[in-house]
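Subject: Structure for your review

Dear colleague,

Please find the structure below, followed by an account of what was found in it.

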Amino acid sequence: MNSLQRVLTSLGQSEPDYVPFFLLPTLHGAKELGLSIEKYFSEAENVAEGQLRLRARYHHDCLYNFFYAPIEVEAWGAEIIFSPDGPPNSGQPFLANPEDIQKLHVPSIEETPCLSKVLKATRLLKQAAGDEVPIIGVAVSPFSLPVMQLGFDKYFDVMLSRPDLFERLMQVNEEFCVAWANAQLTAGATAICYFDPVSSSTIIPPALYRQTGYEIARRTLARIHGPTATHLASGRCLPILDDLAQTGTAIVGVSALEDLAELKTVVCAAGRSRLSLLGNLNGIEMRRWTPRQAEAQVKAAIAKAGRGGGFILCDNHGEIPWQVPDQILMAISDAVHQWGAYPLKWIENDQE
Amino acid sequence: MNDADQQPAVVPTAAMNSIAIEDLTQALLSLDRLTAKTLLTQSAESLMVPALEQIGAGWERGEVALSQVYMASRICEDIINQTFPSQITAAAQPPRIAIAVLEDFHQLGKRIVSSVLRSNGITLLDYGTLKADELIQRTLADHIEILLISTLMLPSALKIKLVTAGLAAAGAQVKVIVGGAPFRFDDQLWQEVGAYAMGKNASDALAILRDMSSENYHGNKDCREGGAQ
């Protein structure tokens with residue numbers, strides 16, 4: 001099986017040859033090319049080359065066109081702060097006053113250099129990978145983008161006490177998200193990772209999610225012309241798992257704070273939709289794992305969620321920290337290929 | 001089942017409130033403004049602290065969301081601000097406490113902790129967002145004794161090590177208390193960066209400060225993880 005076949009088989013709730021494995025090292029591409037993080041992300045060719053080299057090294061089942069989360073607010077005029085040892089971060093939120101929401105206009109995808117760079121990298125990845133490897137594009141959800149537009153505190157104030165501004169903000173953000181996701185699909189992305197951490201039960205209560213993020217996701221995902229995976233970026237999802245399935249997403253990226261076995265039980269319960277799980281290796285702890293610990297963590301995740309398919313092994317945040325050593329990434333890859341071969345008969349032996 | 005069994009929580013709460021009300025009534029009748037204010041403050045704290053602690057514990061268990069933690073802390077701070085403004089505006093009293101975000105512009109964690117501490121009568125300086133060297137200089141210049149540092153990103157959390165090392169090199173006896181997402185996902189990180197303690201939520205920070213106050217933090221108390229001890 002090639003990577004795309006492996007992933008599609010698992011998403012169809014069947015067992016492929018191996019547990020699919022999405023390694024998502026974005027910053028490590030700069031190490032591969034011997035470039036600073038800022039220089040690396042300055043050219044589409046660097047990112048495409050970095051992704052191809054990382055996949056050649058670690059044999060994972062996807063390519064990832066993700067540059068850095070605030071690239072989307074960079075398109076709206078936000079300041080980006082580069083760091084020598086971490087992901088580029090957003091500066092002060094560009095909406096200093098919530099009333100400025102009224103003046104927002106959706107940026108043109110094609111005329112925005114930072115977004116065009118991502119589209120170019122996507123095209124380069126597609127040229128190199130053809131139809132054998134899924135290319136994962138990324139769009140931050142309309143409901144979560146305001147954390148970078150306004151800051152968390154002002155966004156909560158708007159969400160909870162300014163329905164007029166909230167509605168206006170969601171309108172412009174939905175238009176942007178749909179246009180951005182579809183542009184990536186047109187450029188060659190196979191699927192879109194819909195990053196929606198604010199919808200997680202870590203950030204807002206489930207009842208509020210059902211009134212807000214859920215409805216926004218249903219509207220937005222229906223307008224994206226390709227498959228989607230909803231990622232909660234380390235946030236909890238158990239209380240809203242059924243709701244997430246109803247948004248139309250195929251996959252949910254889950255937190256290391258939740259038990260994969262419990263989540264698997266819930267999604268496998270009779271009458272539920274065919275939602276697959278993506279996760280949930282702890283990317284923060286990973287930095288100080290030994291190779292033996294990495295192997296143990298991979299085995300534990302596969303044992304909890306691997307049987308029957310419907311599972312892709314991944315980190316829990318959607319971005320491997322710069323500080324994670326190559327040796328550990330290799331240990332994770334080796335462990336997937338050693339312990340992820342179906343059928344997973346070793347699980348019964350280990351449990352005995 | 002008797003009446004006491006049916007209402008186990010209501011009776012003692014009502015009794016406690018009744019005593020507090022009587023004491024306050026006497027203070028007011030005696031025109032004892034100081035006692036009245038003290039009683040009001042104590043009453044507010046006796047309700048607010050357990051509520052915020054329950055909210056913090058719920059956040060740890062995944063039963064309470066960040067938006068609720070934030071709003072609860074804001075409401076408490078607003079009430080205290082309106083009722084006891086002098087408590088908030090008073091000059092900082094020993095120990096001198098400051099709070100900062102290291103290198104990130106995500107201020108929510110700092111704001112929640114600040115609100116909870118101020119709601120409980122703890123004064124502190126707010127440094128906003130600073131780089132490590134700036135934070136060292138401000139801490140030394142202001143003779144800060146307890147420094148609270150909030151971070152969102154792992155690289156920022158790791159840079160706390162520069163702060164603790166810089167303060168130690170300057171001979172300052174500053175206790176650094178850390179918090180934020182990276183520490184929630186790695187329970188050994190706070191020790192790695194040389195912190196005195198780690199709070200998993202705002203009420204942890206309050207509990208740590210109270211422990212330090214009651215046990216004389218100038219002593220050689222061991223480091224600890226908030227909520228775990």
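In chain B, the side chains of β1(B) fall into two sets: Ile97(B), Ile99(B) and Val101(B) point one way, Ala98(B), Ala100(B) and Leu102(B) point the other way, and all are buried (under 20% relative accessible area, with a 1.4 Å probe and protein chains only). Six of the six residues of this strand, residues 97–102, are buried, so β1(B) is largely enclosed by the rest of the structure.

This is a predicted model, in which local features need pLDDT of at least 70 and side-chain atom pairs count only at pLDDT 80 or more, while totals for chains, interfaces and linings use all residues. Residues are numbered from 1 along each chain as its sequence is written, chains are lettered from A and ligands numbered from 1 in the order in which they are written, and side-chain values use heavy atoms, leaving out hydrogens and water.

β1(B) runs parallel to β3(B), residues 146–151, and five bridges join the two; Ile97(B) has Ile146(B) as its bridge partner there. With β2(B), residues 125–130, β1(B) pairs in the parallel sense over four bridges (pairing requires at least two DSSP bridges), and Leu102(B) stands opposite Leu130(B). Strands are DSSP E runs of at least two residues and helices H or I runs of at least four, numbered from the N terminus.

In chain A, the axes of α4(A), residues 44–58, and α6(A), residues 113–129, come within 8 Å and cross at roughly 40° (axes are lines fitted to C-alpha atoms, for helices over the stretch in contact, with angles from 0 to 180 degrees between N-to-C directions).

Yours sincerely

Key:
Buried < 20%, exposed > 50% of the residue type's maximum accessible area, 1.4 Å probe, protein only.
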